[in-house]
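Thanks for making the time this morning. I would like to walk through a few local regions of one model, and I will keep to what can be read from the coordinates.

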Amino acid sequence: MLAGKRLKDVTVDEDTFHRQTAFDAVDARIMMVDDELLNIEMTQAFLEDAGYRSFISTHESEKAVDMIRAERPHVLLLDLSMPKVTGMDILALLRDDTDLRHIPVIVLTSNTDASTRLRALSLGAMDFLAKPVDPSELGLRLRNTLAARAHRDWLASHDALTGLRNRASYVERLQAAVEHATERRHGCAVIHLGVDRLSQVNDALGRAAGDVLLKRLSRRLRHCVESAQGGELGQLQHQHPSLFRFDGDEFAILIPFLDEIESAASFITSLLEAASTTLKAGDREVFVTGSLGVAVFPNDGLEGNQLLTNAGLAMRHAKQSGRNTYEFFSHILNQRAVNTLRIGGDLRRALGRDELELLYQPKIDVRTGGLMGCEAVPRWKRPDGSQVDGSKLLELAETSEMNMVLAEWMFEQVAHQIRVWQGGNLQVPPVGLNLSLRQFPLPQLMEVVSAAVRMRVQPDRLCLELNDVCAVQDTETVARVLTRFSDWGLRIALDHFGTDGSNLSHLGRLPVHEIKTDSAFMWKVDESHLNAAIMRGLISVARGAGLTLVATGVHTPQQLAFLKNHGADQCQGKLFNNPLPAAEFGTRWLQSS
């Protein structure tokens, strides 16, 4: 079968073989099915001389499929013309078996007509060699086939963007680590690391910039994980920490051996540092951080899937706690998640059942007591008689991923109510809607606001009260979007000024019309020297910048007197009214045109 050729001329070069195929010759399992024993013996001799150490064969074709299923060869050398069960029969059986259909098959045949080749290819054959087989050609075809298989296997178990092992590989190795830890009675842990605000990077700088960021983070995290392999977390042989790309913006770290949770403390800190990086795109610069969730076996789960779920839950809680931090899973977190899911589902149904309504709270001129504007406050009257309103409802919408739906509903309701008031010949002041830039990607915010303006509402009747301005690192894009809103006629306010990251630098870089101070600054302002000094300073800043200052949390006549004495512009709080339903607000506060 094998044509004459010096074996040393075609012996596999080990370095090239490993680089091209990810198999050493010793590791590659080659199986041959041929009814001629001489062909098998000559092929085996050649392959062993070429460095292949695992060779399986049979000349009884009826036993071939069972042997293939038991041995799972990396490559099958298959003769077509055999009695009892032909090579075509074997190809058909392999094709119909989901576990075996991906084994590469090199057909060895003396029949070279086109119809035979086409039929074999249609049944899944990868390559052909004509008998008698040339040893050098067999060596090259075999090496190429192994390389193709290795590349296919690599793609199946790795993330194409970062080169890290993927989710499927993570799940497999996690389950193996749990089984090993159960058998040896030691701990293990999983850490999920989510990239903070990746969607905003993609929106502001483009998907290509987001991919660059993920590749950079994967390199930094890989170095961090490899550095930990020689320490306390890598004490067991072949049981070292390993890194995976788990999802779009999420990485996973498996620690297969963890004796004490304190051993992971410095490692977690290192991961947080590695996840903090700056991305430059042209003249723009974005600072990115990560949030970590940790689940430990056996306390946080006895199965891989349970640990995976709990680590993800802890990571999301870390994001909600302010980002760039870590959280360990606890049963309290699990119960909170269950409650959030339940309430989130109730909230979705509440929109269809008209259980939500908007209330309106007046903004009052400090000097005259006249109405200058109002803020729309959402309220949910639940079937059990309880109520969720204001910031608590907005937070609940965020945690249950209903924030965009609620925002769209609020804009629709405000637009409708303004038209109703104006249809009743009432003077309507600017109506404020509270929005968090941490929750809303700027393109979605633009879409929601544009839709409201298209509903025949004069833009100057709307005021965007923005929170978490610091959450968007790309200030230029924020300024560009808000400038467009301002050009349309909308008012722009910075809410909770001084406490949510809004600072004086934003006043010079964003098109702002007013600042709303946090209600905490009004607490005992007539007694607290510190709060009084803060409020006086904010009033002075607003006056110097030509902005309107709205003091929130005004509940007493003494607080109002303080604002009058120091020249504040507007205020709102319980001193004037709690938020009122639309009809009652119109009767109480709106005058006829």
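Let me start with S169, which at 5% relative accessibility counts as buried, because the cut-off for that class is under 20% relative accessible area. Please keep in mind throughout that this is a predicted model. S169 is found in helix α7, which covers residues 167-184, and, once residues up to four places away in sequence are set aside, S169 touches S157 and F244. S157 sits twelve residues from S169 along the chain, and the C-alpha atoms of these two serines are separated by 5.5 Å.

A second buried position is T517, which has a relative accessible area of 0% and lies in strand β19, residues 514-517. Which residues does T517 touch, not counting those up to four places away in sequence? The contacts are F497, M535, L538, L549, V550, A551 and T552.

From single residues I move to whole strands, and to β6 in particular, which spans residues 187-195; nine of its nine residues are buried, so the strand is largely enclosed by the rest of the structure. G187, A189, I191, L193 and V195 point one way from β6, while C188, V190, H192 and G194 point the other way, and the residues of both sets are all buried. As for the partners of this strand, β6 pairs in the antiparallel sense with β8, residues 250-258, over seven bridges, and within that pairing I191 stands opposite I253 of β8. β6 is also joined to strand β11, residues 290-297, by eight bridges, and these two strands likewise run antiparallel; here the bridge partner of G194 is S291 in β11.

Is strand β2, residues 54-58, largely enclosed or largely open, and why? Four of the five residues of β2 are buried, so β2 too is largely enclosed by the rest of the structure. Its pairing with strand β1, residues 29-33, is in the parallel sense and extends over five bridges, and M31 has I56 in β2 as its bridge partner. Between the two strands the chain passes through helix α2, residues 37-49, and the resulting β-α-β crossover is right-handed.

Turning to helices, I would point to α8, residues 198-205, where six of the eight residues are buried, so that this helix is largely enclosed by the rest of the structure. The buried residues of α8 are L198, Q200, V201, N202, A204 and L205. Just after α8 comes G206, which takes a positive phi of about 105°.

My last item is a helix pair, and it helps to recall that two packed helices are described by the angle between their axes and the distance between the axes. For α14, residues 403-423, and α15, residues 442-453, that angle is about 20° and the axes are 9 Å apart. Because angles under 35 degrees count as roughly parallel, α14 and α15 are roughly parallel to each other, and α14 passes α15 in a right-handed crossing. On the α14 side the residues that meet the other helix are M404, A407, E408, F411 and A415, and on the α15 side they are Q444, V448, V449 and A452. For the spacing along such a face, recall that an α-helix has 3.6 residues a turn, so residues three or four places apart point the same way.

Terms used: Residues numbered from 1 in each chain as written. Predicted model: local features only at pLDDT ≥ 70, side-chain atom pairs only at ≥ 80, totals over all residues. Heavy atoms only, no water. Buried < 20%, exposed > 50% of the residue type's maximum accessible area, 1.4 Å probe, protein only. Pairing = 2+ DSSP bridges. Contact = heavy atoms within 4.5 Å. Right-handed = clockwise from strand over helix to strand, strands pointing away. Axes fitted to C-alpha atoms, helices over the stretch in contact; angles between N-to-C directions. Parallel < 35°, antiparallel > 145°, perpendicular 65-115°, else oblique. Left-handed = near helix turned anticlockwise from the far one by under 90°.
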